[in-house]
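Me: I would like to go through this model label by label and ask, for each label, what justifies it. Please set each value against the cut-off that it has to meet.

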Amino acid sequence: MSMNASEGYWRESLNSSLVECLYGSRSCIGGSIVSSGDSLCATGFDAAICGKCESIDKYMNYLTIECYECTNNALISIGFLVIPLLLIFPIVTMWLLHRKTTWIDKRLLK
């Protein structure tokens with residue numbers, strides 16, 4: 001027996017029982033007596049109980065229950081490698097110069 005799917009509920013097929021959505025009304029918009037599956041999901045959501053982002057290029061923010069486009073993580077990764085090197089290089093260079101100067105001073109004082 002089919003029935004309207006209220007907001008916050010989902011069903012796999014017209015003959016399935018209604019189940020509460022994983023993220024409530026944020027991901028399940030509900031629908032008419034002939035609605036089932038992904039048609040009950042809000043824009044951007046799909047799968048069972050509207051529990052994932054519909055696009056593979058998106059990720060779920062579980063605090064806001066929204067799907068966002070993935071950014072180019074390669075640039076971020078490079079930044080995490082380059083910035084520390086830029087900070088460490090001058091420190092190591094100064095330490096090596098100081099060490100060399102100290103060694104030369106000791107040799108001259110003998």
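Reply: What follows is a set of questions and answers on the salt bridges, the disulfides and two buried residues of a predicted model.

Me: How do you know that E66 and R26 meet in a salt bridge?

Reply: The definition asks for a side-chain nitrogen of Lys or Arg within 4 Å of a carboxyl oxygen of Asp or Glu. For the side chains of E66 and R26 the distance from N to O is 3.6 Å, so the pair qualifies under the 4 Å limit. This pair links distant parts of the chain, with E66 in strand β6 (residues 66–69) and R26 in the loop between β2 (19–20) and β3 (45–46), 40 residues apart.

Me: Why is E66 called partly exposed, and why is R26 given that label?

Reply: Buried means under 20% relative accessible area and exposed means over 50%, with partly exposed in between. E66 has a relative accessibility of 33% and therefore counts as partly exposed, and R26, at 45%, also counts as partly exposed.

Me: How many salt bridges does a search of the whole structure find, and what are the values for K52 and D46?

Reply: The search finds three salt bridges. In one of them the side chains of K52 and D46 meet with 3.8 Å from N to O, a value that satisfies the requirement of within 4 Å. As for their surroundings, K52 has 44% relative accessibility and so counts as partly exposed, whereas D46 has a relative accessible area of 15% and is therefore buried.

Me: What makes K58 and E69 a salt bridge, and is E69 buried or exposed?

Reply: The side chains of K58 and E69 meet at 3.8 Å, N to O, and the pair is therefore accepted under the limit of 4 Å. It links distant parts of the chain, since K58 lies in strand β5 (residues 58–61) and E69 in strand β6, 11 residues apart. E69 has a relative accessibility of 52% and so counts as exposed, while K58, at 26%, counts as partly exposed.

Me: Why is the link between C53 and C67 called a disulfide, and what makes it left-handed?

Reply: A disulfide is a covalent bond between the sulfur atoms of two cysteines. The rule applied here asks for sulfur atoms within 2.5 Å, and those of C53 and C67 are 2.2 Å apart, so the pair meets the rule. The torsion about the S-S bond of C53 and C67 is about -100°, and the disulfide is therefore left-handed. The pair links distant parts of the chain, C53 being in strand β4 (residues 52–53) and C67 in strand β6, 14 residues apart. Both ends carry the label buried because C53 has 8% relative accessibility and C67 has 18%.

Me: How many disulfides does the rule give, and which pattern do they follow?

Reply: The count comes to three disulfides, and, with bonded cysteines counted along the chain, the pattern is 1-2, 3-4, 5-6. Among them, C21 and C28 have their sulfur atoms 1.4 Å apart, and C41 and C50 have theirs 2.1 Å apart. The link of C21 and C28 is left-handed, with -85° about the S-S bond, and the link of C41 and C50 is left-handed, with -90°. C21 and C28 are both buried, as are C41 and C50.

Me: Why is S27 called buried, and what lies around it?

Reply: S27 has a relative accessibility of 0% and therefore counts as buried; its place is in the loop between β2 and β3. Leaving aside neighbours within four places in sequence, S27 is in contact with C21, L40, C41, A42, F45, I49 and C50. A polar atom of the S27 side chain lies 3.5 Å from the backbone oxygen of C50.

Me: What makes M60 buried, and which residues is M60 in contact with?

Reply: M60, found in strand β5, has a relative accessible area of 11% and is therefore buried. Leaving aside neighbours within four places in sequence, its contacts are Y23, F45, G51, C53, I65, E66 and C67. M60 and F45 are 15 residues apart in sequence, and their C-alpha atoms are 9.6 Å apart in space.

Notes:
Residues are numbered from 1 along each chain as its sequence is written. This is a predicted model: local features need pLDDT of at least 70, side-chain atom pairs count only at pLDDT 80 or more; totals for chains, interfaces and linings use all residues. Side-chain values use heavy atoms; hydrogens and water are left out. Helices (H or I, at least four residues) and strands (E, at least two) are DSSP runs, numbered from the N terminus. Buried means under 20% relative accessible area, exposed over 50%, partly exposed in between (1.4 Å probe, protein chains only). A polar contact is a pair of N or O atoms within 3.5 Å; within protein, one must be able to donate a hydrogen and the other to accept it, and residues adjacent in sequence count only if both atoms are side-chain atoms. Contact means heavy atoms within 4.5 Å.
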